[in-house]
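Hi everyone, thanks for coming. Please take a moment with the structure on the screen, and then we'll walk through a few parts of it together.

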Amino acid sequence: MPDLLLELFSEEIPARMQRRAAENLKQLVTDALVDQGVTYEGAKAFATPRRLALHIAGLTAGSKPTREERKGPRVGAPEKALEGFLRGAGLASIDEAQVASDPKKGDFYVAVIEKPGRATPEIFAEIMPGIIRGFPWPKSMRWGTGQMRWVRPLHSIVATFGPETEEPEVIPFEVDGIASSNITRGHRFLAPDAFEVRRLDDYADKLEKAKVVLDADRRKDIIANDARNRAMALGLELVEDEGLLEEVAGLVEWPVVLVGSFEEAFLELPDEVIRLTIRANQKCFVLRDPATGRLSNRFVAVSNIEAADGGATIIAGNEKVIRARLSDARFFWETDLKAPLESRLPKLDSVVFHEKLGTQGARVNRLEALAREIAPLVGADVEKAARAARLAKADLPTQMVYEFPELQGQMGRTYAQMQGEEPSVALAIEDHYKPQGPSDAVPADPVAIAVALADKLDLLTGFWAIDEKPTGSKDPFALRRAALGVIRIVLENGLRLRLAALLGHANPATAKASPLAADLLAFFADRLKVHLREQGARHDLIDAVFALEGQDDLLMVVKRVEALGAFLATEDGTNLLAGVKRAANILKAEEKKDGVEVTDRPHADHLVEKAEIELAAAIDTARADIRDALKGEDFAGAMTALAGLRAPVDRFFDDILVNADDTDLRLNRLRLLAEIREATRSVADFSKISG
């Protein structure tokens, strides 16, 4: 079957856009072909700094002919209706339509639309100009006198099609004066001459000879392996950096790894300062000395050319810039060390946190008060927690954090340690920002936990109070991340906290029983669903537990959900759920008919059949056992007590007619059903459970 090769050759594409652009190209082209009736076996996209490429394997040679019958208006319909039908069906006159009959509706028009199959090259040539003109670049530009927009000036297009056994043909099309061909170019400096290509294997081989590694992942492997080998030869280790590796692989078509150095005197700076300075300014990797665990004074640069001098000039240029930037960093470091952290707090009074929530200084005061409230609940020393909260943002005005905002917290901890603060206080200054992502560790020290919770709860309650909640995919203040952070800190540290009470301490506007508190608790429930769903839990079980009043102890909610899930996975659980839902449906229908909710206890005098007498007794026993189990937070025991209802409920529905002719019997049996509903509601709201 034929294969297709496409290349869009341009000026340098920003590294951050390349991988997404390659995937967009694959999706847009393959979707358009499938929409036109062309199928394929597989597709792979590629990106280098100067090209996007796509290979589609196993294409059908063309689309199949189609025949469609489109029903139209009845015979004798108004002229306007006929005109619309003809226009939609592509008919010139009503004489081209057929007449069909329906025994009930009479005669009506039918248009038979037949479309012949088309060759794949013809279809591809038709779809590509629109795909290229409308390509979804985050940013694009126009150049010269043309009107087309592309990320950078587009120079040429390769488009070839054909089976492996034949010479592929060029698929002819044109986009704003750029005609497709089978001609491309290699590396800008090392192999700039044009050459012909045929299909993927030939294309990739010729690019390699022209000093271009087509596959981005292979470029990453070359860089990483060469850097590790160069480091090992020096007795050092590469400090892995996946983000930088991805970026550098998008900056070079022919990666050449070089090693440089800087003065050992700069090693007095914290490792992270050195790494960020070199990374941000020169896109270079740093090396670690395994003997000390600290950084060495060597770095790895990645060049895009094989220089005649072996890269000496390139390394010298990098060393010059790195030396200057590290000199700046040392100046910032030494300046920051001259003033204690606490002396910087007044500066926070002039730093706006949010126009409706005041300054960073005001926020620090809130964090300090809230940390005092939380500390006893998490086993933290109150004064240490308050001290850590007071200093938590004190590194924001430092010159080092101003230069490298990603160092906030980390520099605060370093400065605090050097200034003699308690170890737990210094640790909390860094860890209170955690977790900052799903793979980030949560704080484990009690003081850090208290400040981290205070920081996130203040953020959430503050923005809820001013009605700046996340909407759709927009979350500019990272409130979803903050809520998930609270959830992970609580669960992973096994903390028993009443969330509603903490929200009230954080902000009076979200005090218990307020509408904002209920809304914020619902937000936590949604985040908990996301968190537990990733671990395999069912979202409906979380709904069923959260529906109960006062479920704001996240650790206990999760334990209830786990126990409920285990119970419903058993035969008893499955059958009881069916019985409870049946009882609920009958009650719902009868309560709607009577206009009154069934709430009273059943009368023993009206229990006449064996099945209903046994059910009433079983409910009383289960209710008492469930109450005792829940009092001891034995959720598995509560589920065992629920399981005791399964057989009596089944017998009741097998043997008893609920809607008896006798009014008293009917009402009493409805009350029994209400008892089932209430007994199970002490564990979870079964109406929220699917199945």
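Let's start with a question: with which side chain does the side chain of Asp458 make a polar contact? The partner is the side chain of Arg363, at 2.8 Å. A polar contact here is a pair of N or O atoms within 3.5 Å; within protein, one must be able to donate a hydrogen and the other to accept it, and residues adjacent in sequence count only if both atoms are side-chain atoms.

Before going on, a word on the source: this is a predicted model, where local features need pLDDT of at least 70 and side-chain atom pairs count only at pLDDT 80 or more, while totals for chains, interfaces and linings use all residues. Residues are numbered from 1 along each chain as its sequence is written, and side-chain values use heavy atoms, leaving out hydrogens and water.

Back to Asp458, which is found in helix α15, residues 446–465. Helices (H or I, at least four residues) and strands (E, at least two) are DSSP runs, numbered from the N terminus. Is Asp458 buried or exposed? Asp458 is buried, because its relative accessible area is 3%, and buried means under 20% relative accessible area, with a 1.4 Å probe and protein chains only. Not counting residues up to four places away in sequence, Asp458 touches Arg363, Arg366, Leu367, Leu370 and Ala506, where contact means heavy atoms within 4.5 Å.

Now, please find the open sheet of four strands, in the order β13-β15-β16-β14, with antiparallel pairing. The edge strands are β13 (237–238) and β14, each pairing on one side only. Two strands pair if DSSP finds at least two bridges between them.

Let's go through the pairs. β13 and β15 have two bridges, and Glu237 stands opposite Arg288 in β15. Strand β15, residues 285–288, pairs with β16 over three bridges, with Val286 opposite Phe299 in β16. In the hairpin of β15 and β16, six residues lie between the strands, and Gly293 takes a positive phi near 80 degrees. On the other side, β14 (residues 256–261) pairs with β16 over six bridges, and Val257 stands opposite Val302 in β16.

Why is strand β16 described as largely enclosed by the rest of the structure? Eight of its nine residues, within 295–303, are buried, so the description fits.

To finish, the whole protein chain: there are 25 helices and 18 strands, and buried residues make up 49% of the 691 residues. Thanks for listening!

Methods:
Buried means under 20% relative accessible area, exposed over 50%, partly exposed in between (1.4 Å probe, protein chains only).
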